[in-house]
Amino acid sequence: MLKIIYLGTPQFAVPTLKALIAEPDFEVVAVVCQPDRPKGRGNKLMAPPTKQLANEHNITVLQPEKLARSPEIVDAMRALKPDIIVMVAFGQILKKEVLELPPRGVINVHGSLLPELRGAAPINWSIINGNTTTGVTTMVTEAGVDTGPMLLKAEIPISPDMTAEELSETMSHVGAELLIKTLRGLIDGTVKPLAQEDSKHTLAPILDKTMGALDFTQSAQNLHNRVRGLMPWPSTHATFRGSKLKIIKTALPATSIGPGTKPAGTLHKQDGKLYVYCHSGDEVLELVRVQPESRSAVDGLAWANGAHVEPGEKLENG
């Protein structure tokens, strides 16, 4: 029986935990996740998704705010004598004492084809960068951020309109299958660690709210990628008549639209759709779904009609 401690908090980490629990010769002896947080209009404390699943299976749950500052949690993990630690979307850098705690080490499921997109937000950046393929890599966790030896990889195609939220859902299931395959391979010796080529690495830095401000002098493709890549958080927005307009969904038109070049940001209604001119005014992007400030989300054209958008009116950057 392989004794496993599982480090992971969000919904993305649930399919892998579920797969581990389902394996008859694996035993998840503890789940380490973030503390319960207030959520919803009533600010009611909600357990993280992995804790909810652990509770359903009577698995011990440990919830440090920061594992590196919680020696009592590390002691509790050590007392469970795990053979291996599995980490999925844990979001914290592990100290040496945790990395060296299990005899078989710490295995991470990372959301990119390493060494590409090391860092906190590889799923988002794969879409923002306009990649058509990404994947998931299982790796041995070391002190550096996503620098450890790779174990197995699985490729995932990115369709033209796929959002980060949709890719995350797909990747969580692909990662679960790959992790089980990885552990099996480590046990029977068919999977061997392979060092990353550091010279080929790229970065996927943490997201922040300022990234959501759209600049309509960019190309339609770049704007479409950013809208998809920043969903559901921090999301993207523009300004109309001084108020923020959240841009939820866009599309690239299949044919040429409009009467020709117009200033970037100009709104244009045609054939039952709403478009915004971008780049140097020679491209358009369809605004499929938007959300005015303090209002519900609506289709782009319905918003434009409701706001009585006049010919020549513009969305401003950011």
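Helices (H or I, at least four residues) and strands (E, at least two) are DSSP runs, numbered from the N terminus. The model is a predicted one, in which local features need pLDDT of at least 70 and side-chain atom pairs count only at pLDDT 80 or more, while totals for chains, interfaces and linings use all residues. Residues are numbered from 1 along each chain as its sequence is written, and side-chain values use heavy atoms, with hydrogens and water left out.

**Exercise 1. The chain as a whole**

Task: State how many helices and strands the chain holds, and describe its box, its burial and its surface.

Solution. Begin with the elements: the chain contains eight helices and 15 strands. Next, take the principal axes, along which the C-alpha atoms fill a box of roughly 70 × 45 × 30 Å. For burial, a residue counts as buried under 20% relative accessible area, as exposed over 50% and as partly exposed in between, with a 1.4 Å probe and protein chains only; by this rule 49% of the 318 residues are buried. With accessible areas from the Shrake-Rupley method and a 1.4 Å probe, the chain exposes about 15,600 Å², of which carbon and sulfur atoms supply 52%. A contact means heavy atoms within 4.5 Å, and among contacts with a separation of 6 or more, 64% come from residues 24 or more positions apart.

**Exercise 2. The seven-stranded sheet**

Task: Give the strand order of the open sheet of seven strands, and explain why β5 and β9 each have one side without a neighbour in the sheet.

Solution. Two strands pair if DSSP finds at least two bridges between them, and on this basis the order is β5-β2-β1-β6-β7-β8-β9, with mixed pairing. β5 (60-62) and β9 (150-157) stand at the edges with a single partner strand each, so one side of each lacks a neighbour in the sheet. Axes are lines fitted to C-alpha atoms, for helices over the stretch in contact, and angles run from 0 to 180 degrees between N-to-C directions; with direction ignored, neighbouring strands of this sheet are turned by 20° against each other on average.

Two pairings illustrate the mixture. β7 (residues 106-110) and β8 (residues 133-140) pair in the antiparallel sense over four bridges, and His110 stands opposite Thr137 in β8. Two helices pack on the sheet: α1 (residues 14-22) touches β1 (2-7), β2 (26-32) and β6 (84-88), its direction making about 145° with that of β2, whereas α3 (residues 71-79) touches β1, β2, β5 and β6, its direction making about 155° with that of β5. β1 and β2, in turn, pair in the parallel sense over six bridges, with Val28 in β2 as the bridge partner of Ile4. Five of the six residues of β1 are buried.

**Exercise 3. Helix α7 and its cover**

Task: Determine which residues of α7 are buried and what covers them.

Solution. Helix α7 spans residues 220-229, and eight of its 10 residues are buried. These are Ala220, Leu223, His224, Asn225, Arg226, Val227, Arg228 and Gly229. Their cover includes α5 (122-128), α6 (164-188), β10 (236-240), β11 (243-251), β13 (273-278) and β14 (283-292). A further residue to consider is Pro160, in the loop between β9 and α6, which touches His224 and Arg228 when residues up to four places away in sequence are not counted. Pro160 itself counts as exposed, at 64% relative accessibility.

**Exercise 4. Backbone geometry in the loops**

Task: Locate the cis peptide bonds from Leu114 to Pro115 and from Trp233 to Pro234, and the positive phi values of Asp146 and Arg241.

Solution. As background, most residues other than glycine have a negative phi, and most peptide bonds are trans. The bond from Leu114 to Pro115 is cis, with omega near 10°, and Pro115 lies in the loop between β7 and α5. The bond from Trp233 to Pro234 is also cis, with omega near 5°, and Pro234 is in the loop between α7 and β10. Turning to phi, Asp146 has a positive value near 60°; this residue sits in the loop between β8 and β9 and is buried, with a relative accessible area of 12%. Arg241 has a positive phi near 50° and is placed in the loop between β10 and β11.
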